[in-house]
Every structure is written in C-alpha cells, then in structure tokens.
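Open the model in your viewer and keep the selection panel at hand. Each stop below names what to select and then says what is there.

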Amino acid sequence: MEMTLRWFGTGFDTVTLKQIRQIPGVTGVITTLYDTEPGEVWTRERIKALKDEVEASGLHISGIESVNIHDAIKVGTPDREQYIDNYIETLKNLGEEDIHLVCYNFMPVFDWTRTELARVRPDGSTVLAYSQAAIDKIDPADMFSSISKDANGAILPGWEPERMAKIKELFEMYKDVDEEKLFENLKYFLERIMPVCDKYDINMAIHPDDPAWSVFGLPRIIINLDNIKRMMKMVDNPHNGVTFCAGSYGTNRKNDLPTMIRELKGRIHFAHVRNLKFNSDDDFEEAAHLSSDGTFDMYEIMLALYDIGFEGPIRPDHGRMIWDEVAMPGYGLYDRALGATYLNGLWEAIVKSRK
Ligand code: DNO
C-alpha cells in the first residue's frame, strides 16, 4: 500500500503540501480540481499544472477524488451522452498525464450525509455525526443550510452550493429513479467509459454511499457486498473496482468489513480507513482512527488489506477537529496525520509479523 492524504488544492484547503510532506510515511496526495463542476471537461493544462504543483513539493498525485458524475448520467436523461463524452475526455486527459486512479460516487442528490459537523466528544474534540432521528426531522430542502453553518467556511466535498441551490429540481429529476434504474444507469456509464480506462489503464473506484442506506427516500445502491458484486459482474472488467471506505460501509453494522475486503480481492483500488463510534445502530459519530476509540477493529481491517496483497493508495479518512484547528470538518491536518501514523504503525507490525 501507499499512504496518502486527501488534499483539496491551494485556495481550498487549509492544509499545505509542505505539511503533508512532513507527515512520516505519506508520499502521495489524493486530489481534485475542486472548482470544476460535475460534467465539465478537465483540460490537460489544468491537470498538468496541478501535477507540477504537487510534484514541486516532493509528493505525487496518487489518484483523483473525485471526478464527480453529472446528475444527467445518474438519472439517465438524453443529455447524458454529452456528459459521458466529457467524462471520457477527462479520463483521457488524466491518463495522458499518467494518473491512473479515479474515485467517484453514484449517490443521488446528496453525497455523504451527516446531521452534525461538530459534535463534541468527551475529550473536547469535535467530529461529524449522524443520527437517523435527526434526519427524520429535517426537510431535505433545508439539509444544506442546516449543515453548512458548521462548515468553518469550507465548501464541503459533494455539496456544491450551485447544486444545492437547485435542490427541489434535483429531487424532481430523481423521482422515477429507483434502485434498479440506478444500477442500469451505472452500467450504461461504466460500459461507455471502460474502453478509455483500458487504453490508459485507469482504475475506477466507486465510493460507497454514506451512510450505507437510503436517505430521504432516495435510492442508494453501493451499500453492501452483494450489491458491489452485482456492480462488478455487470461490467466485468478489472478497471471497474471500488474504493473500500471503512467508515461508509461500516455505517451499516451488518457489513463485516474484514470479510468484505477479503471477498473483494483484486478489485479494491483505493482504501479509506477510519473508525466510527456507535451510540446505537442509527446514531454514530466519527472517532479517532485508533481501535480503542471507536467500534471497528482497525488491526483486522489493515490485516485483511495486507492479506489480499493490496498495493493501492490508502488514506486516513475524516479526522476529529483537535488542538483548536480550524479547517474543513473531517479534513484538518492534525488528526489525519495521527491517523496516517497509526495506520502506518499497524502496517509495519503486520508486515514484520507475517515475515
Ligand atoms: C466525504 C467523502 C466523499 C467522497 C465522494 C467520492 O468526505 O468521503 O465526499 O469523496 O463520495 O466521490
């Protein structure tokens, strides 16, 4: 594996490349062109400029998170053709710049969903949290405003204000899209993009729906092992793979994370490793990466990745806000650096004990 950190780019991220470079063992970043809108073509010039900037700091781009998918593709409206062509063009430009990993998601309307961005934990740190009871009280149209007040001024990934301003229209667009339709539209998209992925050896790594169940009555499909297997089988190409996000699959306590990892051998292209602390089955908060701070056995997760011979990038995921840092919720420097260091420690111990 390669240890990486997500970086949103100069002007969007409070964390600098220099800081990332100083986290022991972190050699790459997972990044994006944060100011592009879903459906836009990423030009080679812009990709190259990003790459040059990252490389000048002594790091490299290990992958893109995300190239977001336009709603027309998820809904399957006739204009999807144009947006898929644009996506293919973006993949070609990434491939020509020697970038071979793209994380994306196929969640309708909302990307990851949380009800709080700054729940206070007993140690005074703050974390993202989810409570089903709170979701059940929120009008989806108010979701964005209710959450963005705690965003520390950041634009949250997947919660672009331009899209959120059209929230009612978006719900209207998805009104006839059920799980079957969403699978069908995902298949259509994957079939169209696989040739360019084959040509440039680009691994597509779908991110799970977070939380891993339907929210606000919207269909969600990337939620468990059966559905992932269905997705991989319907377009059976090694470039059609997954981002194994422990914190997202782990929201559903029926998902046995180490078993899922072992079953997905060869098709996990990217891993997000983080911990959650459950207060009940449908109320959880994000914890420090350390096993003892949350509910998951992080050693077993790392061991499963080791056992399947995982060689792709791993990143610590959402961190707690600690030491008075002010940053995008989940994406401060300090707790993610602690997370990377802890995961590196587990990995070193596993490697040595297995030899
Ligand atoms: C949230 C992230 C997601 C993820 C996308 C991938 O913090 O895990 O926004 O990047 O769903 O497309």
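Begin with the whole protein chain, shown as a cartoon. This is a predicted model. The protein chain has 14 helices and 12 strands. Its radius of gyration is 19 Å, close to the 20 Å from the globule rule for 355 residues, so the chain is as compact as a globular protein of that length. Now turn on a bounding box along the principal axes. The C-alpha atoms fill roughly 50 × 45 × 40 Å.

**Stop 1: the ligand**

Select the ligand and the residues around it. Which residues are they? From the earlier part of the chain come Glu-65, Ser-66, Cys-103, Tyr-104, Asn-105, Asp-111 and Trp-112. Add Pro-157, Gly-158, His-207 and Gly-330 to complete the set. Colour the shell by class: 4 residues are nonpolar, 5 are polar and 2 are charged. Next, highlight strand E4, residues 101–105. This strand gives the most to the shell, with 3 residues.

**Stop 2: a cis bond in the shell**

Stay with Glu-65 and Ser-66, both around the ligand. Show their backbone atoms. The peptide bond from Glu-65 to Ser-66 is cis, with omega near 0 degrees. Where does Ser-66 lie? Look in the loop between strand E3 (60–65) and helix H3 (71–75).

**Stop 3: a second cis bond**

Move on to Asp-210 and Pro-211. The peptide bond joining Asp-210 to Pro-211 is cis, again with omega near 0 degrees. Pro-211 sits in the loop between strand E7 (203–207) and helix H10 (225–234).

**Stop 4: the loop into E7**

Select Asp-201. This residue is not a glycine, yet its phi is positive, at about 55 degrees. Asp-201 belongs to the loop between helix H9 (179–200) and E7.

**Stop 5: H4 against H9**

Keep H9 on screen and add helix H4, residues 80–96. Their axes come within 10 Å and cross at roughly 20 degrees. H4 and H9 are therefore roughly parallel to each other. The crossing is right-handed. Show side chains at the contact. On H4, pick Ile-84, Tyr-87, Ile-88, Leu-91, Lys-92 and Gly-95. On H9, pick Phe-189, Arg-192, Ile-193, Val-196, Cys-197 and Tyr-200. How many residues of each class are in this contact of H4 with H9? There are 9 nonpolar, 1 polar and 2 charged.

**Stop 6: H13 against H14**

Hide that pair. Select helix H13 (residues 298–307) and helix H14 (residues 334–354). The two axes come within 10 Å and cross at roughly 55 degrees. That angle makes H13 oblique to H14. H13 passes H14 in a right-handed crossing. Now show the residues that meet. H13 brings Met-298, Tyr-299, Met-302, Leu-303 and Tyr-306. H14 brings Leu-343, Leu-346, Trp-347, Ile-350 and Arg-354. Colour the contact of H13 with H14 by class to finish: 9 residues are nonpolar, none is polar and 1 is charged.

How values were computed
Residues are numbered from 1 along each chain as its sequence is written. This is a predicted model: local features need pLDDT of at least 70, side-chain atom pairs count only at pLDDT 80 or more; totals for chains, interfaces and linings use all residues. A residue is near a molecule or strand if its C-beta atom, placed from the backbone, lies within 6 Å of it. Helices (H or I, at least four residues) and strands (E, at least two) are DSSP runs, numbered from the N terminus. Ala, Val, Leu, Ile, Met, Phe, Trp, Tyr, Cys and Pro count as nonpolar, Asp, Glu, Lys and Arg as charged, and the others, Gly among them, as polar. Axes are lines fitted to C-alpha atoms, for helices over the stretch in contact, and angles run from 0 to 180 degrees between N-to-C directions. Angles under 35 degrees count as roughly parallel, over 145 as roughly antiparallel, 65 to 115 as roughly perpendicular and the rest as oblique. A crossing is left-handed if the near helix is turned anticlockwise from the far one by less than a right angle, and right-handed if clockwise. Two residues are in contact if their C-beta atoms, placed from the backbone, lie within 7 Å. The radius of gyration is taken over C-alpha atoms; the globule rule is 2.2 Å times the number of residues to the power 0.38.
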